Amino acid sequence: MKKRIVFALALVLCAAMLCVGALAAEGEYDIWVDGERVTDANAADVLGDGTVSYDAESNTLTLNGAELTEYAEGGYGVIDSWNDLTIEIIGENTITARGAAAVNCDNDVVFCGDGTLEASAAGTYEEDGQEYTYTVISAGSVKFESGTYNLHSEDGAVVYTFEGSVEIT
């Protein structure tokens, strides 16, 4: 009888571990795009329309014909990342931000690719009692390696960095 109970408990434990493993497989990344958090499940097609993908190994977000306008509740950017981020631009892309930055990165951000990005920011968002309007904002450095960029800000800076530099190569 004890063997059957031990065997049954072992089966229950194995089943529970499989369920936990399945839940853990859907990792979440500290990046949001157009109001959607990037996860393992949606990284290959973040928005479900083939225009945005994310490679976690290289921290590269690829925009390919994307038209982005939304930001996550409590977020500061239409693209909002807490880590270093490379944004690869393919084709023609637009980001229209209202009350948020087009791109907000808490570390370094690098723009590259052969495409075009038209990004604008209007309206302000508040943080620590101050109002801000930035098209691209980073706590680290901002680097434009390749591509074509047309950036606008109605009420503030186009590119702002707290502690880093801005480089165009």
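**Exercise 1. Work out which residues Thr60 touches, leaving out those up to four places away in sequence.**

Solution. Keep in mind that this is a predicted model. Start with the list: Thr60 touches Ser53, Tyr54, Asp55, Thr86 and Glu88 once residues up to four places away in sequence are set aside. Next, place Thr60 in its element, which is strand β4, residues 60-64. Then look at the side chain: it makes a polar contact with the side chain of Ser58, at 2.9 Å. Last step, is Thr60 buried or exposed? The cut-off for buried is under 20% relative accessible area. Thr60 comes in at 14% relative accessibility, so it counts as buried.

**Exercise 2. Find the strands that pair with β11 and decide how enclosed β11 is.**

Solution. Take β8 (residues 92-98) to begin with: it pairs with β11 in the parallel sense, over seven bridges. Within that pairing, Asn93 has Leu117 of β11 as its bridge partner. Now turn to β16, residues 148-153: six bridges join it to β11, and these two strands also run parallel. Here Ser120 stands opposite His152 of β16. Finally, check burial along β11 (residues 116-122). Five of its seven residues are buried, so the strand is largely enclosed by the rest of the structure.

**Exercise 3. Say how many disulfides the structure has, and whether Cys105 and Cys112 are buried or exposed.**

Solution. Search the whole structure and you get zero disulfides. Now apply the under 20% cut-off again. Cys105 has a relative accessible area of 1%, so call it buried. Cys112 sits at 16% relative accessibility, so it counts as buried too.

Notes
Residues numbered from 1 in each chain as written. Predicted model: local features only at pLDDT ≥ 70, side-chain atom pairs only at ≥ 80, totals over all residues. Heavy atoms only, no water. Buried < 20%, exposed > 50% of the residue type's maximum accessible area, 1.4 Å probe, protein only. Helix = DSSP H or I, 4+ residues; strand = E, 2+ residues; numbered from the N terminus. Pairing = 2+ DSSP bridges. Polar contact = N/O pair within 3.5 Å; in protein donor to acceptor, adjacent residues only side chain to side chain. Contact = heavy atoms within 4.5 Å. Disulfide = S-S within 2.5 Å.
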